[in-house]
Amino acid sequence: MARRLCNAMLGFAALAITACQSAPEAPQPTPEPALELGTIPAQTASDPAAVPSGSAIMHQSVAVTPPDKAVPTKYAVFSGLWAGRLDGMYDAILAVQTISSKGKVTVTYAWGTLGDNHPGEAAGAGRIVGSTLKLERLPNGADVSFVMRPDRTLAGTVRLAGQTYTGAFLKQ
């Protein structure tokens, strides 16, 4: 009887060792964490498969020209590529491409799905007055403005089809 019990225990031990040596299970996908302020990645169109559907995508040919030394610092701080989320869920990217010494700017603005609008991109112009950059109306009818905060982030506001969307934009 003791011998049978010992053989049964050895059999279970062999079975357990075999089970431990089997192929590992396929890893389960983990949900992506929500992006928090300070962690918004720059996105490019170079790998469209890596960008979720409905995201803002800026064409990789968009270039930023550093401001001339004649451009006052209060304007020059707007120069560059900025990314943000409106209402915490709608991607947007702003490229402030050129800035004149009088505060006139050329920009490219890209947006993800926003209300009934599909993702898109528009080249445009605008003007900096005080700490606010206001763009001319975009082709999709959006009115867009950005306020430079003391912490050097932009507070973005988009008014489109009777709705107002706001969010923080970080320099990339």
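These exercises, each with a worked solution, concern a predicted model.

**Exercise 1. The barrel**

Find in which order the strands close into a barrel, and state whether the pairing is parallel or antiparallel.

Step 1. Following the strands around the barrel gives the order β1-β2-β3-β4-β5-β6-β7-β8, with 8 strands in the ring, and the pairing is antiparallel. From one strand to the next, the twist averages 30 degrees.

Step 2. To see how the ring closes, look at β1 and β8, which run antiparallel and are joined by 3 bridges. Across this pair of strands, G84 stands opposite F169 in β8.

**Exercise 2. Strand β5 and its neighbours**

Determine how many bridges join β4 to β5 and how many join β5 to β6, and then work out which residues of β5 lie on the covered face and which on the uncovered one.

Step 1. On one side, strand β4 (residues 120-129) is joined to β5 by 4 bridges, and the two run antiparallel; here the bridge partner of G126 is L135 in β5.

Step 2. The connection between β4 and β5 is a hairpin with 2 residues between the strands, and G130 in the turn has a positive phi of about 65 degrees.

Step 3. On the other side, β5 and β6 also run antiparallel, and 3 bridges join them; in this case L133 has F146 in β6 as its bridge partner.

Step 4. For the faces, recall that side chains in a regular strand alternate between the two faces of the sheet. In strand β5 (residues 132-135), L133 and L135 make up the covered face, while T132 and K134 make up the uncovered one.

**Exercise 3. An aromatic pair**

Describe the pair formed by F146 and F169, giving the distance centre to centre and the angle between the planes, and say where in the chain the two residues lie.

Step 1. A pair of aromatic rings is described by two values, the distance of the centres and the angle of the planes. The model contains 4 aromatic pairs. For F146 and F169 the values are 5.1 Å centre to centre and 85 degrees between the planes.

Step 2. Planes over 60 degrees apart count as edge-to-face, and the pair of F146 and F169 is accordingly edge-to-face.

Step 3. This pair links distant parts of the chain, with F146 in strand β6 (residues 143-148) and F169 in strand β8 (residues 163-171), 23 residues apart. Both F146 and F169 are buried.

Step 4. Widening the view, one finds that ring pairs link F146 and F169 with Y109 and W111 into a cluster.

**Exercise 4. Two loop residues with positive phi**

Locate D87 and A161, and decide for each whether the residue is exposed, partly exposed or buried.

Step 1. D87 lies in the loop between β1 (80-86) and β2 (90-99), and its phi is near 50 degrees, which is a positive value in a residue other than glycine.

Step 2. A161 lies in the loop between β7 (154-160) and β8, and phi of A161 is likewise near 50 degrees, a positive value in a residue other than glycine.

Step 3. The cut-offs are under 20% for buried and over 50% for exposed. D87 has a relative accessible area of 37%, so this residue is partly exposed. A161 has 75% relative accessibility and therefore counts as exposed.

**Exercise 5. Three buried residues and their surroundings**

Find what S145 touches, and which residues are joined by side-chain polar contacts to D91 and to T153.

Step 1. S145 is placed in strand β6 and, because its relative accessibility is 15%, counts as buried. Leaving aside residues up to four places away in sequence, S145 touches T132, L133, K134, A155, G156 and T157. Between S145 and L133 the C-alpha to C-alpha distance is 5.6 Å, although they are 12 residues apart in sequence.

Step 2. D91 lies in strand β2 and counts as buried because its relative accessibility is 13%. The side chains of D91 and R85 are joined by a polar contact of 2.6 Å.

Step 3. T153 is found in the loop between β6 and β7, and at 9% relative accessibility T153 counts as buried. Its side chain makes a polar contact of 2.6 Å with the side chain of D151. Again leaving aside residues up to four places away in sequence, T153 touches W82, V147, M148, F169 and L170.

Terms used:
Residues are numbered from 1 along each chain as its sequence is written. This is a predicted model: local features need pLDDT of at least 70, side-chain atom pairs count only at pLDDT 80 or more; totals for chains, interfaces and linings use all residues. Side-chain values use heavy atoms; hydrogens and water are left out. Rings of Phe, Tyr and Trp (its six-membered ring) pair if their centres lie within 6.5 Å; planes under 30 degrees apart count as stacked, over 60 as edge-to-face and the rest as tilted. Buried means under 20% relative accessible area, exposed over 50%, partly exposed in between (1.4 Å probe, protein chains only). Contact means heavy atoms within 4.5 Å. Two strands pair if DSSP finds at least two bridges between them. Axes are lines fitted to C-alpha atoms, for helices over the stretch in contact, and angles run from 0 to 180 degrees between N-to-C directions. A polar contact is a pair of N or O atoms within 3.5 Å; within protein, one must be able to donate a hydrogen and the other to accept it, and residues adjacent in sequence count only if both atoms are side-chain atoms.
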